[in-house]
Structures are given as C-alpha cells and as structure tokens.
Amino acid sequence: MCNLYSVMTNQEAIRTIARVMIDHIGNLQPLPEVWPNTMAPIVRNAEGGRELVMSRWGMPTPPGMLKGKKVDRGITNVRHTDSSWWRRWLGVEHRCLVPLTAFAEPEHLPEGGSRQVWFARADGEPLAFFAGLWCRWTSVRKLADGETTDDLYGFLTTEANREVGAVHPKAMPVILTRQEDMDLWMTAPADEALRLQRPLVDGAMVTIAPPEAVSGR
C-alpha cells in the first residue's frame with residue numbers, strides 16, 4: 001500500500017490542471033515526503049467551484065478495527081468501495097483530487113530489510129492526481145492533542161500495473177493523468193466514477209531517485 005508520496009510541483013500548476021477556483025492554502029511549500037496523518041493539499045468541490053485546501057492524510061478507521069486503541073491514525077488507501085463504511089463518502093461532495101509528483105512503495109530486500117522505490121510519470125509530466133475521498137471527522141488523531149475535528153482524506157487503490165507490480169504486486173494507487181478523467185471523478189455519478197478504479201496502463205510509470213535528489217528540477 002502507498003504510505004508515502006511527494007508534491008514538488010508549483011501551486012499554479014495544481015490550480016490550472018485541477019480547475020481550482022478558490023485557493024485557501026496560501027503559499028504551498030514543496031513537500032518531498034508526505035506521510036500518513038500529516039497535512040497535504042487536496043482539491044475538492046465547493047459551492048463556489050473547486051477549492052484547494054490542506055487536509056490530513058487518513059480517512060476514519062472502521063470502529064471494528066479500533067477496539068482497544070486510543071488513537072485513530074486513519075486509513076490512507078481505500079480499496080473496497082463496495083463496503084458500507086466507504087459508500088457514505090462516494091458522492092461528489094466527498095470526492096477530491098490529491099496532487100502528487102511521485103509516490104513510493106516499499107520493496108522487501110532479500111537480506112530482510114526494505115527500501116522505498118519511487119515512481120513517477122513516464123511521459124515526463126511532473127503532476128498527476130490520486131482519485132481521493134475526503135470527510136470532516138471528530139476523533140483522536142494524536143494522543144497529545146486529544147479529540148479534534150479534522151478534514152481527512154485518502155485515495156483509492158486498485159491492482160498494480162507492470163512497473164509497480166514488480167515492487168509491490170498487491171496494489172497501486174488510482175492515478176488520474178487525463179483532464180477528462182479528473183473531471184469525471186469530480187462530477188459523475190458514483191457508478192460511473194468508480195470505473196476509474198483501475199491501474200495505469202503498463203509503461204506509464206518509471207522509477208526515479210527520491211524527490212529530495214531531484215527537487216531542483
């Protein structure tokens with residue numbers, strides 16, 4: 001599962017490609033590593049058009065998985081969209097686009113350790129979007145903070161394509177690279193939008209150096 005990605009592109013590119021009408025986040029600094037339960041930008045539908053906001057990565061965890069736990073660190077990747085837990089958030093009011101420039105999957109090494117393998121678009125374009133869901137939820141995300149109400153997000157996953165599957169056979173994020181697919185995800189009825197829950201075609205991704213090494217591009 002994808003638990004690490006980067007957002008190294010400029011803010012204007014996000015606004016232009018995602019058709020953002022309202023920007024609430026001020027000056028977006030490069031984010032070479034976005035980890036679960038931290039803040040990152042998303043694009044969501046609002047009354048005045050699509051808006052760019054900061055949100056916390058990790059949708060609410062189903063209650064059955066929280067027994068005995070004092071903290072809900074969230075579910076980052078959503079695969080089973082037919083589950084009643086996730087169906088409540090499949091409407092357009094809870095869909096979002098999550099900008100990324102690269103994402104990482106852990107590769108398990110023969111000697112027993114692991115390393116992060118980073119993937120980006122093979123066509124050289126720096127920006128893509130995860131097909132995401134968001135909600136506003138009250139929970140304990142960090143024990144020191146106690147109960148807080150946060151805007152939370154996660155994104156869909158699906159079976160892996162050839163490149164990602166060579167490192168992580170089980171799954172990859174649902175990544176949108178075409179404008180028509182982004183618009184479909186943000187506007188279409190759920191049954192139609194969920195047809196996008198599919199892998200990118202083989203050859204669409206390449207491995208790259210960690211984002212810190214290429215942030216000056």
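This briefing describes the strands, nonpolar cores and charged side-chain pairs of the structure shown above. The model is a predicted one, and every value below was computed from it. Five topics follow: an open sheet, the pairings of strand 10, the nonpolar cores, the surroundings of Arg44, and the salt bridges elsewhere, with a note on Lys170 at the end.

**The open sheet**

- An open sheet is built from 5 strands, which follow one another in the order 3-1-8-9-14 with antiparallel pairing.
- Its edges are formed by strand 3 (31-34) and strand 14 (205-208), each of which pairs on one side only.
- On average, and with direction ignored, neighbouring strands of this sheet are turned by 35° against each other.
- Within this sheet order, strand 1 (residues 5-7) and strand 8 (residues 102-108) run antiparallel and are joined by 2 bridges; Tyr5 has Phe103 of strand 8 as its bridge partner.
- As general background, the strands of a sheet pair through backbone hydrogen bonds, in either a parallel or an antiparallel manner.

**Pairings of strand 10**

- Strand 10 (residues 128-142) runs antiparallel to strand 7 (residues 95-100), and 6 bridges join the two; here the bridge partner of Arg95 is Leu133.
- Strand 10 is also joined to strand 11 (residues 146-158), again in the antiparallel sense, through 10 bridges, and Gly132 has Phe155 of strand 11 as its bridge partner.
- The connection from strand 10 to strand 11 is a hairpin of 3 residues.
- A further antiparallel pairing, over 2 bridges, links strand 10 with strand 13 (residues 175-176), where Ile175 is the bridge partner of Phe130.

**Nonpolar cores**

- The largest nonpolar core contains 55 residues, and those with the most contacts inside it are Tyr5, Leu97, Phe103, Tyr153 and Trp185.
- Strand 10 gives the most to this core, contributing 7 residues.
- Another core, of 5 residues, lies apart from the largest one and includes Leu4, Ala102, Ala104 and Trp118.
- Beyond its neighbours within four places in sequence, Phe103 is in contact with residues including Leu4, Tyr5, Trp118, Phe130, Ile175 and Met205; among these, Tyr5 is also its bridge partner.

**Arg44 and its surroundings**

- Arg44 is found in strand 4 (residues 39-44) and counts as buried because its relative accessible area is 8%, where the limit for that class is under 20%.
- The side chain of Arg44 makes polar contacts with two acidic side chains, that of Glu51 at 2.7 Å and that of Asp151 at 2.9 Å.
- Arg44, Glu51, Arg136 and Asp151 are linked in a network of salt bridges.
- With residues up to four places away in sequence left out, the residues touched by Arg44 include Gly49, Arg50, Val53, Arg95, Cys96, Trp134 and Met186.

**Salt bridges elsewhere**

- Over the whole structure, a search finds 15 salt bridges.
- The side chains of Arg50 and Asp183 meet in one of them, with an N to O distance of 3.0 Å. Arg50 lies in the loop between strand 4 and strand 5 (51-57) and Asp183 in helix 4 (residues 179-187), so this pair ties together parts that are 133 residues apart in sequence. Both Arg50 and Asp183 are buried.
- A second pair consists of Arg79 and Glu159, whose closest N and O atoms are 4.0 Å apart. Arg79 is placed in the loop between strand 6 (77-78) and helix 2 (84-87), and Glu159 in the loop between strand 11 and helix 3, so the pair ties together parts that are 80 residues apart in sequence. Arg79 is partly exposed at 33% relative accessibility, and Glu159 is partly exposed at 41%.
- Asp181 and Arg178 also form a salt bridge, in which the closest N and O atoms are 3.1 Å apart; Asp181 is buried with a relative accessible area of 10%, whereas Arg178 is partly exposed at 41%.

**Lys170**

- Lys170 is found in the loop between helix 3 (162-165) and strand 12 (172-173), and it counts as exposed because its relative accessibility is 70%, the limit for that class being over 50%.
- Apart from residues up to four places away in sequence, Lys170 touches Arg79, Thr158 and Glu159; of these, Arg79 and Glu159 form the salt bridge described above.
- The C-alpha atoms of Lys170 and Thr158 are separated by 8.4 Å, and the two residues are 12 residues apart along the chain.

Technical notes:
Residues are numbered from 1 along each chain as its sequence is written. Side-chain values use heavy atoms; hydrogens and water are left out. Two strands pair if DSSP finds at least two bridges between them. Helices (H or I, at least four residues) and strands (E, at least two) are DSSP runs, numbered from the N terminus. Axes are lines fitted to C-alpha atoms, for helices over the stretch in contact, and angles run from 0 to 180 degrees between N-to-C directions. Buried means under 20% relative accessible area, exposed over 50%, partly exposed in between (1.4 Å probe, protein chains only). A polar contact is a pair of N or O atoms within 3.5 Å; within protein, one must be able to donate a hydrogen and the other to accept it, and residues adjacent in sequence count only if both atoms are side-chain atoms. Contact means heavy atoms within 4.5 Å. A nonpolar core is a set of buried Ala, Val, Leu, Ile, Met, Phe, Trp, Tyr and Cys residues joined through side-chain atoms within 4.5 Å.
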